[in-house]
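Let's talk aromatic rings. Have a look at this one with me.

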Amino acid sequence: MQKKWWHGKVAYQIYPKSFKDTTGSGIGDLNGITEKLDYLKSLGVDIIWISPCYVSPLADEGYDIADYYKIDPRFGTNGDMWRLIAEAKRRDMYILMDLVVNHCSDEHEWFKKALADPYGKYAGYFFFEKAVDGHAPNNWRSYFGGSAWEKVPGTDLYYLHLFHKKQPDLNWENRELREEIYKMMNWWLDRGIAGFRLDAIMNIKKALPFEKYNYTPDRDDGMCRASRMIQDAKGLGDILAEMRDRTFKPHNAFSVGEIFNNTNEQIPEFIGDNGYFSSMFDFRETILGASDKGWYDFEPVTPDEYRDACFTTQRVVDDQGMVSTIIENHDEPRGVSRYIPEGDLTDRSKKFLAVMQFMQKGLPFIYQGQEIGMENVVFHSIDEVDDISTIDEYKVAKEAGLSDEAALKLVNTYSRDNARTPMQWDDSENAGFTTGTPWLHVNPNYRREGAKTPVSADDPEIRPVNVAAENRDPDSVLNWYRKLTNLRKNSDYSDTVVYGEFVPFMEDQSNFMAFYRKGEKQTLLVLGNYRNEKREVKLPGKVRRVVLNNCEDFSMKDGVLTMDGYQAVVLDMG
Ligand code: TEU
């Protein structure tokens, strides 16, 4: 694998609507991001991915873009954006924009013109398809529920929307449309952004002709999840290569793909030395326990399943490219609330999970609030929820016969809104996120009285979850993340942490997550006791140095380390 400028970096995802509000509107904005650049720098962040902040009706919170060239006034101005890019550059930080081009908003001028002339040029920017026997061309179900086809008013045509009906899919078969997109991407790259995160990019090629691809229903509604078509779509690689050569390559830009439903064989094509993207997210953990039937049919994720999924990605990707690792993002519940077994959540187990992410081979993305140990919030009614996919899943659970209470329990477990509650900066009103009324309620654990999570199983002390308090506390989750980002850049270890071969250790042990990172001149051993009960571990050799340890003790006798519950250590084995 060729070494790249970004390999040793640390990345951070910002969900602008929930990061920092500087106007009192209750909605975060770009100036709030600029205001917090020094905080992110102190956390060791180099690359910042900003979820969409373009003009949008926010039907899917910005992933429905109505103007690709203009910042939505609720988030600020283009001027605010140029200042953010300049201020980031001044701190040797890089800004990534979110590229949402599988679809746009139905309020984009292209779509308005398409509706005005359903047989005209702009209808060709979308998929306006003739009805088949008076019905939708096929039985694909939108990712957000219901048919993926919507009637074009006043015609016998349907338009395709794999996501919400206010997110009509763009037709990448159309060269003129592709030219429009490349022009827009280069416009942003010319203005100093470092690159893009590519949204839902596996969906831009469709299985054609549509009416040929009716699939076996995966629910009683006679429809099939739209992702089923991805494996039948031809020519995705040609499009992605064209995009790379027309935009990323000329700008030496960084690109990271949101890749679902890929095959292992595609990995070198995607992120190899001449891949379509610089990197791709590893979602193997996030889809564990999932079912096409809906959340009511999901299975909780066990520690062994989580470990095995991470290890599989490490094995499959190996040295073919650099994957991007996450614990959570704006589409997932909080990682500590999902991957730490219920009842085991403590500051120590949060630190355990952080080590397991950061010591894997890959570019680590921290999602806003992950670094302070933010957790799932409690929704007391579906009316408190904003997210369209959550509202759909709640409906599906009800239709499957669940009670309101049981359906709400699923919402509290899986909803994307868990990750979208406002960032918790301090213990002032609304956690210092806004002086107004937050668009989504703040998790009460930003204050001591609202917090429930103890320091560890044997230390019942409870601490508030907010940046200010954790900044002051050397033993906080926040300062633990600072140790992890420092380790990644510490010249004594960075070569091994970034490029060292990933080799599982004692993989046959249950509730134990351990692996080597083997560099040319150094071997690090990462040990994680993925349970509350103590564990004895016979070490494979002499420990030169204990590099990291999320516990005070390191009780070793005759080469046997006695690990506390959720103890995680990084050992320099020489
Ligand atoms: O997500 C694409 C995607 O397939 C998954 O997010 C999935 O559909 C979703 O989590 C269902 O719960 C991207 C963005 O990350 C997401 O926020 C947008 O809603 C979606 O695309 C449409 O732009």
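What follows is a short chat about ring pairs and charges over rings.

Mentor: Before you start, this is a predicted model, where local features need pLDDT of at least 70, side-chain atom pairs count only at pLDDT 80 or more, and totals for chains, interfaces and linings use all residues. Residues are numbered from 1 along each chain as its sequence is written, and side-chain values use heavy atoms, with hydrogens and water left out.

Trainee: How many aromatic pairs does a search of the whole structure find?

Mentor: Rings of Phe, Tyr and Trp (its six-membered ring) pair if their centres lie within 6.5 Å; planes under 30 degrees apart are stacked, over 60 edge-to-face, the rest tilted. Searching the whole structure that way, the number of aromatic pairs is 47.

Trainee: What kind of pair do Trp172 and Tyr182 make?

Mentor: Both residues, Trp172 and Tyr182, are buried (under 20% relative accessible area, 1.4 Å probe, protein chains only; exposed is over 50%, partly exposed in between). Their ring centres sit 6.2 Å apart with the planes at 55°, so the pair is tilted.

Trainee: And which kind do Phe505 and Tyr516 make?

Mentor: Phe505 and Tyr516 are both buried too. Here the centres are 5.4 Å apart and the planes stand at 75°, so call it edge-to-face.

Trainee: Which residue lies over the face of Tyr499?

Mentor: A charge sits over a ring if NZ of Lys or CZ of Arg is within 6 Å of the ring centre and within 35 degrees of the ring normal. For Tyr499, at 4.5 Å from the ring centre, that's Lys3.
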